[in-house]
Amino acid sequence: MPLGPAFNHELALDLQALEGAGLRRSLREIASPQGPRVILDGKTVLNFSSNDYLGLAAEPVLKTAAIQAIEAFGAGAGASRLISGSLAPHHRLEETLAQFKRTEACLAFSTGYAAALGTIGALVGRGDILILDKLVHACVVDAARLSGATLRVFRHNDLDSLEKILVWATARTAATTPRLRNPRVLIVTESVFSMDGDLAPLREIVELKDQHGAWLMLDEAHATGLFGPGRRGLAEACGVADRVELQMGTLGKALGSAGGYICGSRQLVDLLVNRARSFIFSTAPVPAAAAAAAAAVEMVASESGAARCRQLWDRVHQLQSTLAWGVDLPSPIVPLILGSETAAVSASGGLLARGLFVPAIRYPTVARGTARLRVSLSAAHEPAHVQALLASLQELGLRPLNLPS
Ligand SMILES: *Cc1c(COP(=O)(O)O)cnc(C)c1O
């Protein structure tokens, strides 16, 4: 029987509602590798949209590692890791990551999203308390909902707000009689916030969670490869890496490949292998991704990684010193908040007409009324690219709400 018209009609109404609110999105085909320039809808444009912060996504060292892994291990992993898919490249990747992050152990997931989903659900459930920064990534929000833990949200980067919740959580867990195990309190935050580019006050958060006997899961998605003398992330930069229970990250941003990871103790990883459902019930990542990621970690740890990282920060400082607004840029993610959905989309269109790809970020990725352009810089950008961006921003005469006018 053919599909009735009602199905597509219903969905068309949903799409129209999105369209009417300025929130409809669609895919745009990129016909080139990631890099400072991409071919978007047939046109070569300067790319300020990618999270490929160190320019590794198209790096020959990573490509060679991926090709060699395909030759040695094939295209697919065949099954979940616990069935028959625990291939040597996954084990090498986890050893490399654990060594890089200086933790006892590491577990790789198919994506960062899957890492959050599986890990949070493995550690907390009904009777436990989960405390999130207001602006954590959607994968943590989804994981929190799925976990069944009691959820509390603190104001973004607000230590007083966090402390109040911790005081409440401590009292509440003290008042409950443990049944099978003690009730847990887990805080989840990001080191560099993905759509705002600002940094968590990590030292203070670590102090607070220790005072209150809570655990901390730190999502270093936008910090690994960028922060700290060894480029291990913000936890390293703040000197608190050994006090963070769970260090999470993605292999798809600065590390130029695909996948997610959790670094921490041996017990943590052993427990996740047994409990993280997104790990257990999902086919292992392809060997090519794991091998490319391992090559990326080695590169990031090396002198050439240090050089890339310096180049990235040079571009950040260039943008900072030439932006008319005179603001501090703590990371390569620069939000230009324009407010309305239509203002952000039209500014993005104006930049595209000038040959620059800077995406408009809208609800539900950011709160309603805070639609923005999100500029992200890469080590692969040249000074002239940043100058071109500045010139076009000036031509458009934007007045971002988050910057002094
Ligand atoms: C991108 C991102 C993730 C998800 O990682 P993927 O590997 O892309 O699934 C998690 N957390 C943050 C903060 C991110 O920006």
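Strand E8 (residues 246–250) has 5 of its 5 residues buried, so this strand is largely enclosed by the rest of the structure. Here, buried means under 20% relative accessible area, exposed means over 50%, and partly exposed lies in between, using a 1.4 Å probe and protein chains only. Strands are DSSP runs of E with at least two residues, helices are runs of H or I with at least four, and both are numbered from the N terminus. Please keep in mind that this is a predicted model, in which local features need pLDDT of at least 70, side-chain atom pairs count only at pLDDT 80 or more, and totals for chains, interfaces and linings use all residues. Residues are numbered from 1 along each chain as its sequence is written, and side-chain values use heavy atoms, with hydrogens and water left out.

Let's stay with E8 for a moment. In a regular strand the side chains alternate between the two faces of the sheet. Both faces of E8 are covered, with Leu246, Met248 and Thr250 buried on one side and Gln247 and Gly249 buried on the other. Which strands pair with E8? Strand E7 (residues 215–219) pairs with E8 in the parallel sense over 3 bridges, where pairing requires that DSSP finds at least two bridges between the strands. Within that pairing, Met217 has Leu246 as its bridge partner. Strand E9 (residues 260–264) runs antiparallel to E8 and is joined to it by 4 bridges, with Met248 and Ile262 as bridge partners.

Further along the chain, you will find an open sheet of 3 antiparallel strands in the order E10-E13-E12. Strand E10 (333–339) and strand E12 (360–361) stand at the edges with a single partner strand each, so one side of each has no neighbour in the sheet. E10 and strand E13 (residues 371–376) are paired in the antiparallel sense over 6 bridges, and Leu336 stands opposite Leu373 in E13. Helix H14 (residues 341–353) packs on this sheet and touches E10, E12 and E13, a contact being heavy atoms within 4.5 Å. The direction of H14 makes about 35° with that of E13.

H14 and E12 also appear in the largest pocket, where each supplies at least two residues of the lining. A pocket is an open set of points on a 1 Å grid over the protein atoms alone, where a 1.4 Å probe fits and protein lies on both sides within 12 Å along at least five of seven lines; lining residues have an atom within 4 Å of a point. About 950 Å³ of space lies in this pocket. Its lining has 33 residues, with Arg28, Phe357, Pro359, Ala360 and Ile361 nearest the centre. H14 gives the most to that lining, with 6 residues.

The second largest pocket has a volume of about 730 Å³. Among its 25 lining residues, Lys134, Val136, Pro364, Thr365 and Val366 lie nearest the centre. Strand E4 (129–133), helix H6 (138–147) and strand E5 (150–154) are the elements giving two or more residues to this lining, and H6 provides the largest share, 5 residues.

Finally, take a look at Ala237 in helix H9 (residues 234–237). At 35% relative accessibility, Ala237 counts as partly exposed. Leaving aside residues up to four places away in sequence, Ala237 touches Arg203, Phe227 and Gly228. Ala237 and Arg203 are 34 residues apart along the chain, and their C-alpha atoms are separated by 9.9 Å.

Notes
Axes fitted to C-alpha atoms, helices over the stretch in contact; angles between N-to-C directions. Points joined across faces, edges and corners; volume = space filled by probe spheres on them.
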